[in-house]
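Student: Pick one part of this model and take me through it closely. Start from a single residue, then work outward through the strands and helices around that part and beyond.

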Amino acid sequence: MTDTPKRKVCIVTGTRAEWGLLSPLARSLSQRPDVELQIIATNMHLIQRYGHTVDRIRDDGFTVNAEVPMEAASDSETDTARAMGECLQGMASAFASLSPDLIVILGDRYEMLAVCSAATVMRIPIVHLHGGEISEGAIDDSIRHAITKLSALHLTSAEPHRRRVIQMGEDPAMVHNVGAIGVTNALSITPLPTEELERDLGITINRRTLLVTYHPVTTDNASPAILFNRLLAALELFPDSSVIFTYPNNDARGSELIPLIHDFVKAHPHRAIAVPSLGMKRYMSALHYVGAVVGNSSSGIIEVPSMGIPTVNIGNRQQGRLAAASVIHCPDSTDAISDAIASALSSCVSREAANTDNPYHRPDTIPLATTLIAETPLQLLRHKRFHDIRY
């Protein structure tokens, strides 16, 4: 009698934030005796100016089975597209070497479209987390939906997203609402003590502190620097608030924002810092102590409400995304941003945020996702069928 071979599950990750979400799932999969976990790191993980966060994956105790470089010559749209071609080539080689039974990806970033293109041609089934969501202010929105059509197993973050994926013609039996992994992470991590986090970051943290992450609005022709300067002007109006900046993703024209961050920190050395990547432990710890999260990151909408603090969501990058009542949406003008920050730091809004229900929360997210990835029959994933909705 022969032993059943382990299922080779390959997680592909390109950013520090994405790995922060995926790492508990990776841990859970690695603990199953019927799974051989593989990890491929690409894009921002391999770039020094973004923290070379592939090292964080190894620090977490995981083996990185392949590295696929794709650093663009610049962050123009043209060079970004060229980097996607490099990623596709590298993924083809990595998949040929590792021979995974399926790959697991999260979200909507451009490198994942290259990953999925290689996997589709090589007939490797794709498990997609966070499909069916809407973020109308980023090209990620179209990429996310394209990835949905390339994927075979869909693990959505909320019930409306499950229904939307089915609306796109996906087999209902292959579409499951598992909740958002990031929410589970936020609720399960024991935070670093305030004093330790302050020593580590070199800044005072309290309920006036703002944690700021701002990405380019990739569907807008306006200069990302002009839009970001409006946020910086609003932050000038809160001199008693310390500010923790994390770097933007390497979206097209995102590098324009980094010098502006450092100029602000240089002008306010006692109350502002810039960190390329906080990592999951420090980021989630900071959420326990700061007063609000400000910017246009999906984390402010998905994870932050479960920490009981407000989010100021600026502009239209996340437009259309399901959000809790603690998320304050505002236009990208300085006046609107400053009004929203003032509201977020007010005692009444802080109290309301502390009691907000998060639509992305399910208590069984990790075990449910792990079981579906490890146990869904591969023959069902290798042969997709279009699901027609009868009207």
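**From one strand residue outward**

Tutor: Ile40 belongs to strand β2, residues 35–42. The model is predicted, so every value here is computed from predicted coordinates. Is Ile40 buried or exposed? Its relative accessibility is 0%, so Ile40 counts as buried; the cut-off for buried is under 20%.

What does Ile40 touch, leaving aside residues up to four places away in sequence? One group of contacts is Cys10, Ile11, Val12 and Thr13. Another is Ala66 and Val68. The list ends with Met91, Ala94, Phe95 and Leu98. Take Thr13 from that list. Thr13 and Ile40 are separated by 27 residues in sequence, yet their C-alpha atoms are 6.4 Å apart.

Cys10 leads on to the next strands. Strand β1 covers residues 7–13 and pairs with β4 in parallel, over three bridges. Opposite Cys10 in β4 stands Ile103. On its other link, β4 runs parallel to β5, joined by four bridges. There Ile105 faces His128 of β5.

Now look at β4 itself, residues 102–106. How many of its residues are buried? Five of the five are, so the strand is largely enclosed by the rest of the structure. The side chains split by direction. Leu102, Val104 and Leu106 point one way, Ile103 and Ile105 the other, and all of them are buried. In a regular strand, side chains alternate between the two faces of the sheet.

Met91 and Phe95, two contacts of Ile40, also take part in a helix pair. Helix α3, residues 77–98, packs on α4 at about 40 degrees, with the axes 8 Å apart. The two helices are therefore oblique to each other. Their crossing is right-handed. From α3, the contact uses Thr80, Met84, Cys87, Leu88, Met91, Ala92 and Phe95. From α4, it uses Tyr110, Glu111, Leu113, Ala114, Val115, Ser117, Ala118 and Ala119. By class, that contact holds 12 nonpolar residues, two polar and one charged.

Two loop residues flank β5 in the sequence. Arg123 lies in the loop between α4 (110–121) and β5 (126–129). Its phi is positive, about 60 degrees, although Arg123 is not a glycine. Arg123 counts as exposed, because its relative accessibility is 76%. His130 lies in the loop between β5 and α5 (140–150). Phi of His130 is also positive for a non-glycine residue, near 75 degrees. His130, however, has 8% relative accessibility and so counts as buried.

Next, go back to the chain start. Helix α1, residues 16–30, crosses α7 at roughly 80 degrees, and their axes come within 9 Å. These two helices are therefore roughly perpendicular to each other. Gly20, Leu21, Pro24 and Leu25 of α1 meet Ile181, Gly182 and Asn185 of α7. That contact has four nonpolar, three polar and no charged residues.

Helix α7 has a further partner. Residues 181–188 form α7, and it packs against α11 (residues 279–289) at about 70 degrees, with axes 9 Å apart. That angle makes α7 roughly perpendicular to α11. The crossing of α7 past α11 is right-handed. Gly182, Asn185 and Ala186 make the contact from α7; Met280, Met284 and His288 make it from α11. The contact of α7 with α11 counts three nonpolar, three polar and no charged residues. Gly182 and Asn185 of α7 also appear in the contact with α1.

Finally, the sheet later in the chain. Six strands form an open sheet with parallel pairing, ordered β10-β9-β8-β11-β12-β13. Which strands stand at the edges? They are β10 (272–275) and β13 (327–330); each has a single partner strand, so one side of each is left without a neighbour in the sheet. The twist averages 20 degrees from one strand to the next. At the β10 edge, four bridges join it in parallel to β9, residues 243–246. Ile244 has Ile273 of β10 as its bridge partner. Across the sheet lies helix α9, residues 224–235. It spans β8 (210–213), β9, β11 (292–295) and β12 (311–314), and runs at about 165 degrees to β9.

Conventions
Residues are numbered from 1 along each chain as its sequence is written. Side-chain values use heavy atoms; hydrogens and water are left out. Axes are lines fitted to C-alpha atoms, for helices over the stretch in contact, and angles run from 0 to 180 degrees between N-to-C directions. Angles under 35 degrees count as roughly parallel, over 145 as roughly antiparallel, 65 to 115 as roughly perpendicular and the rest as oblique. A crossing is left-handed if the near helix is turned anticlockwise from the far one by less than a right angle, and right-handed if clockwise. Contact means heavy atoms within 4.5 Å. Ala, Val, Leu, Ile, Met, Phe, Trp, Tyr, Cys and Pro count as nonpolar, Asp, Glu, Lys and Arg as charged, and the others, Gly among them, as polar. Buried means under 20% relative accessible area, exposed over 50%, partly exposed in between (1.4 Å probe, protein chains only). Two strands pair if DSSP finds at least two bridges between them.
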